[in-house]
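Got the viewer open? Let's take a short walk through this one, a stop at a time.

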Amino acid sequence: MKFCSNCGQQNAKSAKFCLRCGNPFEGHKPQQTNSVNNSDNDIKISDRDLLTNALTTYEDDYSKFKKKWTIVICISILFYLFGSLVAYLVYTLHFKPKFEKQLVERYKKENHIS
Ligand SMILES: [Zn+2]
């Protein structure tokens, strides 16, 4: 963590800009408050820099979020595989022999085999 010398906001160690005021941490030093036309106060932080700052600041939360979704995706895949296996077993153990038996009965009936 490092603190913005301009506004005191806590920022991630790797942050390039202050999240609150946009004060750059590298390059030129922040100007003091005297100047009214201080253009540094109007620095627009790009969405990408904001995202980078936010992701490094909330790195733990972000990795928890990704971990949670990894688990959700893995469970979905397991359910999909399990569902396929159940469908396969129901087919081979129940519906297939039942239908085969029906076909045999029909064949016997149509060909007068007892
Ligand atoms: Zn700041």
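Select F17 to begin: is F17 buried or exposed? Keep in mind as you look that you have a predicted model on screen. F17 is buried, because 21 other C-beta atoms lie within 10 Å and 20 or more is what it takes to count as buried. That makes a nice landmark, given that just 6% of the 114 residues in the protein count as buried.

Stay there and look at the surroundings. F17 sits in the loop that runs between strand 2 (10–11) and helix 1 (47–57). Now show its contacts, skipping the neighbours within four places in sequence: you should pick up G22, N23, P24, F25, I45, D49 and N53. Try a distance label from F17 to I45, C-alpha to C-alpha: the two are 28 residues apart in sequence, but 7.5 Å apart in space.

Next, zoom out and colour by secondary structure. You'll find two helices and two strands, and going along the sequence they come in the order β-β-α-α. Taking contacts between residues at least 6 apart in sequence, 30% of them join residues at least 24 apart.

Switch the colouring to pLDDT. The mean for the protein is 86, with 85% of residues reaching 70 or more. Then select 32–38, where pLDDT stays under 50 and the model has one contact beyond four places in sequence. Where pLDDT is low, the predicted coordinates shouldn't be read in detail.

On to helix 2, residues 59–110. How far apart are its end C-alpha atoms? Put a ruler on them and you should get 73 Å; at 1.5 Å a residue, its 52 residues should span 76 Å, so the two figures agree. Centre the view on Y91 and look along the helix: there is a kink of about 40° in helix 2 here. Then look around the helix for buried residues. The number is zero out of 52, so helix 2 lies largely in the open.

Last stop: H112, in the segment after helix 2. What is its phi? The angle is near 55°, a positive value in a residue other than glycine. Most residues other than glycine have a negative phi. As for its surroundings, H112 is exposed, because it has 6 other C-beta atoms within 10 Å and 12 or fewer counts as exposed. If you like, flip back to F17, with its 21, and view the two side by side.

Notes:
Residues are numbered from 1 along each chain as its sequence is written. This is a predicted model: local features need pLDDT of at least 70, side-chain atom pairs count only at pLDDT 80 or more; totals for chains, interfaces and linings use all residues. Helices (H or I, at least four residues) and strands (E, at least two) are DSSP runs, numbered from the N terminus. Two residues are in contact if their C-beta atoms, placed from the backbone, lie within 7 Å. pLDDT is the predictor's confidence in each residue, from 0 to 100. The expected span of a helix is 1.5 Å times one less than its number of residues. The bend at a residue is the angle between axes fitted to the seven residues ending there and the seven starting there.
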